[in-house]
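Got the viewer open? Here is a short tour of what to select and what you will find there.

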Amino acid sequence: MTPALGRALERFVLPNACVACDRAVPAHEPDALVCGVCRTRLRTVPEGCGRCGQPLPPIGPCRFCRDWDDALDRARSAVWLDAPARAMVHHLKYDSLPGLGTDIGAVMTRRLPRPAGGILVPVPLARPRHRARGYNQAAAIARALGLRWRVPVREALLSRIRDTATQTALTPEARAANVAHAFAARAAGRRSAPVILVDDVLTTGATLVAAARALREAGWPAVTAVTFARALPYDLRAAG
Ligand SMILES: [Zn+2]
Ligand SMILES: [Zn+2]
């Protein structure tokens with residue numbers, strides 16, 4: 001099915017309402033799955049740590065990326081994962097709405113700088129999960145970014161060789177152990193480009209770091225990451 005047809009079908013089976021607040025989507029934006037009010041309620045993550053993008057503590061160095069493997073050079077997220085962003089991610093993942101990738105990609109390109117070059121690589125799902133969902137939500141976002149930024153998307157470059165238990169209830173340390181060695185990357189050729197990983201949410205960064213490690217070991221020269229949303233600092237404390 002073509003993306004345009006998929007989107008038309010989504011529109012047909014869904015009421016013309018915003019996925020985040022149920023208000024009607026304005027008639028002049030018939031394709032939008034998120035209304036303008038919710039889009040303006042999305043809060044941009046302010047520029048913080050040069051490496052991970054997390055706001056810096058009042059004193060001292062960044063603690064957020066302190067334990068990250070150096071395989072991942074840099075990570076940026078467009079918005080905080082609060083109500084509207086959370087609803088968008090939830091519907092993208094669990095309600096068979098890959099078309100939301102287009103809305104999410106539009107939010108990201110408005111709030112993140114366009115990369116100077118490189119290739120976009122979505123964080124893959126393990127095969128059984130991909131099959132069950134029918135699509136990879138990170139790939140839906142990567143394709144939207146690729147169109148807007150005019151950067152190639154290479155979906156097949158990275159695969160998930162091990163499905164990992166859900167990360168939600170794990171401490172940051174346990175998350176890192178849980179995803180280590182979960183990814184395999186195709187070997188970089190002689191003309192390999194910097195990789196920009198794409199994912200829906202950054203929580204502790206453990207998944208992106210593990211994916212970056214696999215890419216670096218396969219010879220890719222540099223790995224950075226962009227995500228749509230970033231977990232709120234108090235959610236992380238609650239997670240341990
Ligand atoms: Zn709305
Ligand atoms: Zn940092």
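We start with the sheet and then move to two helices.

This is a predicted model, where local features need pLDDT of at least 70, side-chain atom pairs count only at pLDDT 80 or more, and totals for chains, interfaces and linings use all residues. Residues are numbered from 1 along each chain as its sequence is written, and chains are lettered from A and ligands numbered from 1 in the order in which they are written.

Select the open sheet: four strands in the order S1-S6-S5-S2, paired parallel (strands are DSSP E runs of at least two residues, helices H or I runs of at least four, numbered from the N terminus; pairing takes at least two DSSP bridges). Its edges are S1 (74-80) and S2 (119-122), each pairing on one side only.

Now pick S5 (residues 195-202) and S6 (residues 223-230), which run parallel over seven bridges. Click Val-198: its bridge partner in S6 is Val-226.

Add H4, which packs on the sheet and touches S1 and S6 (contact puts C-beta atoms, placed from the backbone, within 7 Å). H6 packs on the sheet too, touching S2, S5 and S6.

Finally, show H4 (residues 100-111) with H6 (residues 137-149): they pack at about 50°, axes 8 Å apart (axes are lines fitted to C-alpha atoms, for helices over the stretch in contact, and angles run from 0 to 180 degrees between N-to-C directions). The two are therefore oblique (not under 35 degrees, over 145, or 65 to 115). Among the contact residues, find Gly-101 and Met-108 of H4 and Ala-140 and Trp-149 of H6.

Technical notes:
Two residues are in contact if their C-beta atoms, placed from the backbone, lie within 7 Å.
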